[in-house]
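Biologist: Please take a close look at how the aromatic rings pair up in this one. After that, walk me through whatever else you'd point out on the screen.

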Amino acid sequence: MALTTSLAGRVRNTNLPRRHSLLPLLEAVINGLQAIDVRFGDGMSQGHLRVTIERSGQDELDFGPAGPGRVALKPITGFVVEDNGVGFTPDNMDSFETLDTDYKASLGCRGVGRLLWLKAFDKVSVRSAYMADDGELCTRQFRFSIAGEVEHTENPEDLGDAGTAVHLDGFKEAFQKSAPKSADAIAREIFEHCIWYFLRPGGAPDVTVVDDEVVSLNSLMEEFVFSELPLTTVEIKGQKFEMANLCLKSSTRNPTPRLYWCAANRLVMEENLTGKIPGLYGRLKDKTSAEFAYACYLSSDYLDSHVRADRTAFDISERIPGATIEDDISIEDIRSGVLHAMEELLADSLTAAREEGKARVNEFVSNRAPRYRPVLARLELLGVTVDPSIKDQDLELVLHRHLQKLEADIIEQGHAVFAEADTMTPEAYQERLSKYLQTVTDINQSDLAAYVSRRRSILDALSKLIRSNEIGKYSREDAIHSLLMPMRTDSNEIGTDASNLWIIDERLAFHEYLASDKTLKSMPITGSDSTKEPDILATRLVGSPGSPVLAAEGETLPLPSIVVVEIKRPMRNDASEDKDPIQQTLEYVKRVRRGGVMTASGRPIPASKDQPAFCYVLADLTPTMVSRCEYASLRPTHDGMGYFGFNEPHKAYIEVMSFDRLVNAATERNRAFFDKLGLPST
């Protein structure tokens with residue numbers, strides 16, 4: 001029995017991703033170009049093809065940003081593709097009415113283009129004229145839809161030459177919204193899809209896109225192409241692949257290097273080549289230093305025979321693990337061979353780009369990220385190359401990622417070195433061990449450099465916070481507070497690297513307990529029921545005079561010291577008897593002593609009214625602040641940017657530091673390290 005085919009079912013089972021919404025139009029354009037080829041052969045100049053965009057009368061809602069000259073385009077309802085090709089001859093008509101026909105298989109046609117028409121459009125109308133064998137001009141007209149399939153209507157009488165007009169009508173909303181909107185964008189997509197017709201010997205016929213404006217695709221060739229590189233042929237497992245290499249003008253809106261995979265003179269998929277060849281990123285330069293963007297159009301009989309019916313991908317495995325020369329070709333095999341050919345073709349331009357990238361890395365490491373200097377030579381050996389125009393933050397991520405790989409490799413290498421100690425001669429083992437230890441030393445130096453450069457960055461951030469902004473306002477104290485130590489946290493919640501109290505006093509790194517903006521009642525060290533919240537409070541367990549600070553041995557019970565830090569807003573000028581930050585810190589000391597200090601692990605410390613206390617007030621020396629310092633009998637520092645003194649009744653050392661003194665003092669303490677790394681210290 002004969003099998004029948006359901007057109008509705010075939011359309012339903014035909015795949016058309018929304019990112020390829022214009023593919024039905026592109027298929028109609030390709031059909032027209034092929035029809036012109038058949039009619040005129042080498043006489044391409046006689047052919048012409050026009051795409052007319054049809055729009056509805058209702059403006060499309062435009063939620064995009066407003067701007068000069070921005071106009072909301074009306075929704076596209078359909079397209080008309082007209083050509084003066086050979087027309088719908090009886091053979092062409094028979095082929096159209098036969099699903100999965102092999103009629104134009106030699107041209108890469110799969111007979112699915114008209115199914116894509118009905119996937120994206122409600123109906124299609126075709127008017128055509130062709131020359132019969134006796135030289136008479138014949139015409140035909142028909143409608144094509146899911147409901148009516150192919151419906152022939154009265155032949156038109158107003159056609160004076162061979163050719164076809166295909167009307168794609170009723171652009172379905174899902175595809176219409178995903179498709180390009182402007183005539184310029186649609187013309188560019190048609191151009192890229194059909195570029196092989198423009199690159200081949202003899203070129204393409206005259207192709208235009210008509211909307212409120214007329215865009216010539218032939219002029220796009222002149223607009224985009226800077227020059228053509230030699231055609232390249234690569235052989236992969238016995239199959240030949242042709243590479244059409246283009247240098248696109250630097251003014252192109254997409255300078256990204258791309259590989260276009262083609263089949264049957266059509267673009268099937270595109271691939272971003274950024275970074276896949278060292279030095280191949282954005283624009284390259286030729287021998288005259290003129291900039292260009294590289295594009296390659298790849299084609300072959302193998303790709304023609306393995307393209308999927310919907311022409312959106314290939315039936316080729318991405319990779320074949322363990323494949324041999326005799327095995328099937330994978331996408332990875334093709335890509336590898338093509339990339340190798342590209343590297344040879346663009347050798348001079350890539351070398352120049354790599355040198356620029358290397359200079360960019362050296363400049364960044366020297367001025368912004370000295371932590372990578374000890375391992376920079378090793379990173380270069382790993383093949384680290386970057387786009388010369390890369391942003392600082394992206395370059396930091398690239399270098400950090402490669403440094404992590406280097407660290408992982410050295411751990412693996414270390415295990416291997418020590419495991420082979422008994423299997424190598426002493427001389428060979430010593431040589432390998434020395435190389436391993438040198439790499440370890442470089443990485444350790446990198447870690448130290450990172451620690452120091454982080455300090456430089458923190459001081460830079462603090463310097464910006466204490467300045468007024470463009471309207472004369474200063475940062476709130478909580479911004480500075482958070483930089484010194486995260487608010488509402490204590491040392492049981494955050495790591496030692498989370499705070500930057502070294503800016504005030506290096507000794508604050510050695511604390512037994514540290515709290516930031518928490519109530520005295522919530523601190524396990526105080527035993528106090530007060531809900532007052534000192535900005536920063538710490539206890540430090542110290543031994544006898546001259547003994548080192550004990551940072552971790554909280555179970556020993558020497559005399560504890562109490563540290564209180566109070567932070568005020570830069571240039572704040574409201575200090576008074578009722579709002580005295582100096583007195584405020586002393587009150588905190590009194591409350592802690594009264595509550596009974598304990599270790600962070602909850603063990604009581606013998607009571608003592610003589611627990612030493614250190615009170616730091618971070619505030620600019622405004623008139624009211626100077627008045628409070630003088631009232632507390634504090635002495636000015638030698639540079640005039642702070643006050644200090646000892647309060648005998650409270651057994652507390654007090655220091656008031658302006659923010660400028662805070663930054664300057666921290667910078668001076670670290671100057672030797674900054675200078676060693678080549679970092680600015682002013």
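Modeller: Counting pairs of Phe, Tyr and Trp rings (six-membered ring for Trp) whose centres lie within 6.5 Å, you get 13 aromatic pairs. Before we zoom in, some ground rules: this is a predicted model, where local features need pLDDT of at least 70 and side-chain atom pairs count only at pLDDT 80 or more, while totals for chains, interfaces and linings use all residues. Residues are numbered from 1 along each chain as its sequence is written, and side-chain values use heavy atoms, with hydrogens and water left out.

Now to one pair. A pair of aromatic rings is described by the distance of the centres and the angle of the planes. For F96 and F144 the centres are 5.0 Å apart and the planes sit at 70°, so the pair is edge-to-face; planes under 30 degrees apart would count as stacked, over 60 as edge-to-face and the rest as tilted. This pair ties together distant parts of the chain, since F96 belongs to helix α3 (residues 90-96) and F144 to strand β4 (residues 137-145), 48 residues apart. Helices here are DSSP runs of H or I with at least four residues, strands are runs of E with at least two, and both are numbered from the N terminus.

Both F96 and F144 are buried, meaning under 20% relative accessible area, with exposed being over 50% and partly exposed in between (1.4 Å probe, protein chains only). They also have company: ring pairs join F88, F96, W117, F142 and F144 into a cluster. On top of that, the charged end of R114 sits over the F96 ring, 5.4 Å from its centre. To qualify, NZ of Lys or CZ of Arg has to be within 6 Å of the ring centre and within 35 degrees of the ring normal. R628 does likewise with the ring of Y631, at 4.7 Å from the centre.

R114 and W117 are both among the buried residues of α4, together with G113, L115, L116, L118 and A120. Seven of the eight residues of helix α4 (residues 113-120) are buried, so this helix is largely enclosed by the rest of the structure. Take G113 in α4: its relative accessibility is 9%, so it counts as buried. Its C-alpha atom is 8.9 Å from that of N31, although 82 residues separate G113 and N31 along the chain.

Next, the helix pairs. Helix α6 (residues 183-193) packs against helix α8 (residues 217-224) at an angle of about 80°, with the axes 10 Å apart. That makes α6 roughly perpendicular to α8: 65 to 115 degrees counts as roughly perpendicular, under 35 as roughly parallel, over 145 as roughly antiparallel and the rest as oblique. Axes are lines fitted to C-alpha atoms, for helices over the stretch in contact, and angles run from 0 to 180 degrees between N-to-C directions. Contact means heavy atoms within 4.5 Å, and here α6 supplies A187, R188, I190 and F191 while α8 supplies L217, L220, M221, E223 and F224. Sorted by class, the contact of α6 with α8 has seven nonpolar, no polar and two charged residues. (Nonpolar covers Ala, Val, Leu, Ile, Met, Phe, Trp, Tyr, Cys and Pro; charged is Asp, Glu, Lys and Arg; the others, Gly among them, are polar.)

Further along, the axes of helix α10 (residues 331-345) and helix α11 (residues 347-367) come within 5 Å and cross at roughly 85°. So α10 is roughly perpendicular to α11. M342, E343, E344 and L345 of α10 meet A347, L350 and R354 of α11, which divides into four nonpolar, no polar and three charged residues.

Ahead of α10, I316 lies in the loop between α9 (301-306) and α10. At 11% relative accessibility, I316 counts as buried. Setting aside neighbours within four places in sequence, I316 contacts Y302, L303, H306, I329, S330, I331 and I334.

One backbone detail to finish. Most residues other than glycine have a negative phi, and most peptide bonds are trans. E149, in strand β5 (residues 149-152), has a positive phi near 55°. S633, in the loop between α17 (623-631) and β21 (635-636), has a positive phi near 60°. E149 is partly exposed at 40% relative accessibility, whereas S633 is exposed at 61%.
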